[in-house]
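Visitor: I would love a close look at one part of this structure. Could you pick a single residue, describe its surroundings, and then lead me outward from there?

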Amino acid sequence: MGFSVSGSTAIIFLAMFISFGMIYSAAYNGFERINDARADHSENVLDQQNTALNITTVNYSAGYLNITVNNTGSTTLDVNDTDVLVDGVYPSSGTIVARDVNGVSDTKLWLPGETLHYRINVSTGPTRVKVVTGPGLADTEAV
């Protein structure tokens, strides 16, 4: 009878030790994920605050829409993450004839102070153009 009480007590303490280890690991991993998410959110908010753009010109002539946008903020933007909406609709990839930053068409970076140019083939003259950047900032211009 003495061994069964001691053995069961040892098993209970061992089970408590193992379960505490599992609970601690799960809680610590959850805490780390929450901290990482908060840090990522803070970086995204900072990027949004430092991003600014200005549509300087929008011209429609001979079936082509020419758009010029200046990066007036302090954030480097990704050209591939920048979207254009013409009258609330994304132009298809075949209608975007040209896209370049300061005359360079093979770059993916849009640095502060640089100008992004779009040339889009459209069938009719649009009434509104909107440019949206990766951090979520947008500028709208009436044509």
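Guide: Happily; what follows begins at one threonine and moves outward through its surroundings.

Please keep in mind that this is a predicted model. Our starting point is Thr 51, which sits in the loop between α1 (2–50) and β1 (53–61). Thr 51 counts as buried because its relative accessibility is 5%, and the cut-off for buried is under 20%. A polar atom of the Thr 51 side chain lies 2.5 Å from the backbone oxygen of Asp 47. The side chain of Thr 51 also has a polar contact of 3.4 Å with the side chain of Thr 75. Setting aside residues up to four places away in sequence, Thr 51 touches Gly 73, Thr 75, Leu 77, Thr 133, Pro 135 and Leu 137.

Let us take the two elements that flank this loop, beginning with the helix. Phe 17 lies in helix α1. With a relative accessible area of 61%, Phe 17 is exposed, because exposed means over 50%. Together with Leu 14, Ile 18 and Met 22, Phe 17 makes a nonpolar surface patch of about 470 Å².

On the other side of the loop, β1 runs antiparallel to strand β2 (residues 64–71), and 8 bridges join the two. One of the pairs in this ladder is Asn 59 with its bridge partner Asn 66 in β2. The hairpin of β1 and β2 has 2 residues between the strands, and Ala 62 there takes a positive phi near 55 degrees.

Strand β2 also holds Asn 71, a residue worth a pause. Asn 71 is buried, since its relative accessible area is 2%. The Asn 71 side chain reaches two backbone oxygens: that of Trp 110 at 3.0 Å and that of Leu 111 at 3.3 Å. Beyond four places in sequence, the residues touched by Asn 71 include Ala 52, Leu 77, Pro 112, Gly 113 and Glu 114. Leu 77 is thus a neighbour of Asn 71 and of Thr 51, where we began.

Leu 77 turns up again beside Leu 109, a residue of strand β6 (residues 109–110). Not counting residues up to four places away in sequence, Leu 109 touches Thr 76, Leu 77, Val 79, Val 101 and Glu 114. The C-alpha atoms of Leu 109 and Asp 78 are 5.0 Å apart, although 31 residues separate the two in sequence.

Strand β2 offers another route, by way of Leu 65. The C-alpha of Leu 65 is 5.0 Å from that of Ile 120, with their positions 55 residues apart along the chain. Ile 120 belongs to strand β7 (residues 115–121) and is buried, given its relative accessible area of 0%. Among the contacts of Ile 120 beyond four places in sequence are Gly 63, Tyr 64, Leu 65 and Ile 67, along with Val 84, Val 86 and Pro 91.

Finally, let us return to Thr 51 by way of its contacts Pro 135 and Leu 137. Strands β8 (residues 128–132) and β9 (residues 138–142) run antiparallel and are joined by 5 bridges. Across this pairing, Lys 130 stands opposite Thr 140 in β9. The hairpin of β8 and β9 has 5 residues between the strands, and Gly 136 there takes a positive phi near 100 degrees. That brings our walk back to the buried threonine where it started.

How values were computed. Residues are numbered from 1 along each chain as its sequence is written. This is a predicted model: local features need pLDDT of at least 70, side-chain atom pairs count only at pLDDT 80 or more; totals for chains, interfaces and linings use all residues. Side-chain values use heavy atoms; hydrogens and water are left out. Helices (H or I, at least four residues) and strands (E, at least two) are DSSP runs, numbered from the N terminus. Buried means under 20% relative accessible area, exposed over 50%, partly exposed in between (1.4 Å probe, protein chains only). A polar contact is a pair of N or O atoms within 3.5 Å; within protein, one must be able to donate a hydrogen and the other to accept it, and residues adjacent in sequence count only if both atoms are side-chain atoms. Contact means heavy atoms within 4.5 Å. Patches are made of residues with over 30% relative accessible area and no salt bridge: like charges are joined within 9 Å, nonpolar side chains (Val, Leu, Ile, Met, Phe, Trp, Tyr) within 5 Å. Accessible areas come from the Shrake-Rupley method with a 1.4 Å probe; for residues, only the protein chains shown count as cover. A salt bridge is a side-chain nitrogen of Lys or Arg within 4 Å of a carboxyl oxygen of Asp or Glu. Two strands pair if DSSP finds at least two bridges between them.
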